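Me: I have a two-chain model open and want to go through it with you. Can we start with the overall picture and then pick at details?

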Amino acid sequence: MTLRRIAVLAPVAVLVFVITGYVLYPLAMMCSVSLRVHGTLSVGHYLDLLDPGHTGNMEAVWNSVSVSILSVAASGAVGVFLAFVFTQLDFPLKRLLSRVAILPIALPPLVGVIAFLFVFGDSGILPRSAQWLFGLPRAPFSLNGIPAIVVVHAYSFYVYFYLFVSTALRQLDASLVEAAANLGSSHWRTFARVVLPEIRPALVGASALTFMASMASFSAPFLFAGGRRFITLQIYTTKLNGDMNLAAAQAMLLLAVSLAFFASLNASAGSRLTFGRSKGASGTRTLAVSGTARTAMVSGAVVLLCLGILPIITIVLISFAREGSWTSQILPAEYTAENYLKLFADPDVFQPFVNSVEMGMLTVGASLVVGVSGAYLVTKGALKRARGAFDLLLTLSYAIPGTVVALGMILAFNRPTLFSGFTVLVGTFWILPLAYFVREYPLVVRSTVAALESLDDSLIEAGKSFGAGTFRRFRVIILPLILPGIVSGCLLTMIAAVGEFVSSILLYAYSSRPISIEILSQLRTFNFGTASAYSVLLLLLILGCVYLASLITRRNEARVPSRA
Amino acid sequence: MASLTLRRLSKQFAEADAVRSISLEVHSGEFFSILGPSGCGKTTLLRLVAGFESPSGGSILLDGNDITDVPAQHRGIAMVFQNYALFPHMTVFQNVAFGLETHHVPAAEIRKRVGEALDAVHLAEKAQVKVPKLSGGEQQRVAVARALVVRPALLLFDEPLSNLDVALRLTTREEIRSLQRATGITTLYVTHDQAEAMSLSHRIAVMRSGAIEQVGTPEEAYESPASAFVARFLGAANILRGHIRGGVFRSGKIAARIHARQAASGNGAALIAIRPEAIELNVRRAGGSRAGVVREREYLGFTTSFTVEFQGAVLRVSAPSSPSTRAMVAGTRVGVSIDWSRCSVITEDE
């Protein structure tokens, strides 16, 4: 075997090792565990799930599915509406507001849920304000139970619809709409016959992503569900009760539903996650909207965005509230910087922050190496021919709910194996970034694949033609051109990793607890101020990463102008 | 400067045979064009030579050395791409310097040679401009400079003018021609534009469905096409189907004595190609001409093109525009005389 061949095959081998060891092997272990009752092979646990006498599990599936469907509808309504307003209309502060519109993507799910609790919950600011305003004996409204979960999901996931549909609308050739009008088609007919078919892939893609994310959602049901059962909560409770076999069977069930939607996502043309790749003329108008309708739509969008910022403002406010000073008032009565000072003064209190940053960096580092080389191999490299299969394998783990990933990790690495470096990983620090990596590296794959696909092959050939070897071609030609894609993928990975909660809650040990777990435990002891201070710190950390990413992209852009 | 030899070169893709056993010899210093319609395999042939595709069979020799298995970056062959493939993140200077840098040419010499190359394509003052800010014509010239500056053994062009407008295409064509003649770099040029190929090339090869139909100087290919396809592809041609017996060609009512040189292939079924400019129309029938009727007249400026019904055949005729061509409107009865000495007999069937 020549050196050249080894150089080509080594990355492929690493990739296969990673996918096998950390994605497929845990799933296989989970499957095998789920098929064991008292050590013998049996489908008993699956029969239990379907047992008409104990409807708890089916009820959980039903609740999860119906909440997911409602979440898709609500997210779709908000996201599509905002996409239309931001692509079709011009209004003051549009650039600033369009940034606000994608804010939820930077908000860790747990923080979003807590913020909603503070604003809309039973003793939230808005219900109490209304009670005080109208002099009512109790709050006239508050969000809890299923409506609360759906609203939180809509808030977290409308961004999928917003981004996908905005992109589709921007890419929509305005002359198509003009041609339809020219042929005498009415607005509605043009929308139904010309615009809708063009944005359908985006709608299907966003719906599938939202459905998967809602099915996998843990934090919202965890804090809002009351007594209701949800499949992710079922897995968590079963695991806490120590019945790993039943938990595995429940996880397999959730996985099956998720994978079914992942398949439909892959089948739809809108499957590419193309965040941060807004190309083409952003000013294309396709629909003429009259003055009043315009005002109404823009006002509606602004109100929605204000409701969206409100939770973040509230978190910041509460982070300055003196502990115990917010009981029955609308707003906390006393303010102090103590919550923050405490964080920085006590190393043990600050530990979660350090943990999350370290795990985030480890996750991004690993995702960068595996994601970029994987993306390169399937689009331009040795795996180009086997692209279909590897595309699927590389992004598969994105479809696995966090609860399932965590359970798989526990079942796979509770004993020494080749993939765990012959040690037990459960209970250690390392299992957390490993789970984050498995969940999030597909984001780097997707964004890098998208960047590589828009890279003209003839540039690489020109590099060859002028004597550049593989390494020089990558460093001098390919890397500068795909860097924005890589950076945006890494940024999303970092955001997801530092705020991760779903897998963490099954995997953490006290010494390795991340910020999200600490926020939860502070919340449980009614230290709202401290919980908020942690949340704000987490948000600042994420903003810092966003800034860093834009810095890298801009420095690169100074050398790499976008193509005219 | 080097010669290029292709020996039974072939390339099969899953869907089709793109290149079928092509053997070819391009002489040192020669400007050689491969001409053919889209999908004929000419670009695949070029990419095989460049090393971007590996052949299914046959070999490629550069100056007698087999380079079939040499990777593209070690072939010393430079290419000008159809879309130019300029690196968008680099300046004009950086693009042109790219090939020299990979070959570790000293910085001072890079500056000198890039300067000379940019002078040659009249872009010296744009050296520090980023490529996306250039016009299409300027990008094209940068691509040429980038290829010339490395002094390649062989220079490849892949339809380099197809993205330019007509006027720019003509001037750029002249520039490429004079640069090649001045440097003497052996050049393989792929195009579907016959005028381009004929004006630039010492020799051309006409390609069709993965195989070469004819190789020759532009004059040979135009005046003596080896097949009806070549005759049609290199400008309009009237193809008459008939047979030859005793030095006389007959097709329907048309009969003509043809030269011994042309009839060398002897008796039997034959095609004859008549160029539109080898037919003359007269308002009044002169001696030796026969009657035809103008069906359509197409005014093209310098020339006027006619569709004429003649002895049961429909012929395309082209003549310099003049008062007499203006008089020949549709329906005019005209005298038609064919210069049979300028016609070529094609024995091979379509």
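Reply: Sure. One point on sequence separation to begin with: among contacts in chain B between residues at least 6 apart in sequence, 67% join residues at least 24 apart. Keep in mind that this is a predicted model.

Me: Noted. How many helices and strands does chain B have?

Reply: Chain B has 9 helices and 20 strands. Its C-alpha trace spans about 75 × 45 × 35 Å along the principal axes. Of its 350 residues, 41% count as buried.

Me: And which domains is chain B divided into?

Reply: Domain 1 of chain B covers 4-223 and domain 2 covers 236-346. Their centres, taken over C-alpha atoms, are 39 Å apart.

Me: Same thing for chain A, what are the domains there?

Reply: Domain 1 of chain A is made of two stretches, 1-36 + 347-564, and domain 2 is 56-338. The C-alpha centres of these domains of chain A are separated by 24 Å. Their contact involves 44 residues from domain 1 of chain A and 42 residues from domain 2 of chain A.

Me: Which helices supply the domain 1 side of that contact?

Reply: Several helices of chain A supply at least two residues each, among them helix 1 (3-34), helix 18 (431-453), helix 20 (470-498) and helix 23 (528-559). Helix 23 of chain A gives the most, with 12 residues.

Me: What's the split by class on that side?

Reply: The side of domain 1 of chain A that touches domain 2 of chain A has 29 nonpolar, 13 polar and 2 charged residues.

Me: Now between the chains. How many residues does each one put into the contact?

Reply: Chain B puts in 22 residues and chain A 20 residues. On the chain B side, strand 6 (77-80) and helix 2 (92-102) are the elements that give two or more residues. That side of chain B divides into 13 nonpolar, 7 polar and 2 charged residues.

Me: OK, change of topic. I was looking at helix 4 of chain B. How many of its residues are buried?

Reply: Helix 4 of chain B is mostly covered, with 10 of its 13 residues buried. The buried residues include Gln139(B), Arg141(B), Arg146(B) and Leu148(B).

Me: What do those buried residues pack against?

Reply: They pack against strand 6, helix 2, helix 3 (107-120), strand 7 (154-158) and helix 5 (166-183) of chain B. Strand 6 and helix 2 of chain B came up above, on the side that touches chain A.

Me: And the geometry of helix 4, what is its span?

Reply: Helix 4 of chain B, residues 136-148, reaches 19 Å from its first C-alpha to its last, close to the 18 Å expected at 1.5 Å a residue.

Me: Over to the strands. What does strand 16 of chain B pair with?

Reply: Strand 16 (residues 290-299) of chain B runs antiparallel to strand 19 (residues 333-338), joined by 4 bridges. Gly292(B) stands opposite Val334(B) in that pairing. Strand 16 of chain B also pairs with strand 17 in the antiparallel sense, over 7 bridges, and there Tyr299(B) stands opposite Thr304(B).

Me: What's in the turn between strand 16 and strand 17?

Reply: The two strands of chain B form a hairpin with 3 residues between them, and Gly301(B) in the turn has a positive phi of about 95°.

Me: Which non-glycine residues have a positive phi?

Reply: Two to look at are His38(A), with a phi of about 50°, and Gln311(B), also with a positive phi of about 50°. For context, most residues other than glycine have a negative phi. His38(A) is in the loop between strand 1 (36-37) and strand 2 (40-41) of chain A. Gln311(B) is in the loop between strand 17 (303-310) and strand 18 (313-320) of chain B.

Me: Why does His38(A) count as exposed, and why is Gln311(B) partly exposed?

Reply: His38(A) counts as exposed because it has 7 C-beta neighbours inside 10 Å. Gln311(B) has 14 inside 10 Å, so it counts as partly exposed.

Me: Last one, Val119(A). Buried or exposed?

Reply: Val119(A) counts as buried because it has 21 C-beta neighbours inside 10 Å; the cut-off is 20 or more. Val119(A) is found in helix 5 (residues 109-120) of chain A. Leaving aside neighbours within four places in sequence, its contacts include Ile125(A), Leu310(A) and Thr314(A).

How values were computed
Residues are numbered from 1 along each chain as its sequence is written. Chains are lettered from A and ligands numbered from 1 in the order in which they are written. This is a predicted model: local features need pLDDT of at least 70, side-chain atom pairs count only at pLDDT 80 or more; totals for chains, interfaces and linings use all residues. Domain bounds come from an automatic or database domain assignment. Two residues are in contact if their C-beta atoms, placed from the backbone, lie within 7 Å. Ala, Val, Leu, Ile, Met, Phe, Trp, Tyr, Cys and Pro count as nonpolar, Asp, Glu, Lys and Arg as charged, and the others, Gly among them, as polar. A residue is buried if 20 or more other C-beta atoms lie within 10 Å of its own, exposed if 12 or fewer, and partly exposed in between; C-beta atoms are placed from the backbone. The expected span of a helix is 1.5 Å times one less than its number of residues. Two strands pair if DSSP finds at least two bridges between them.
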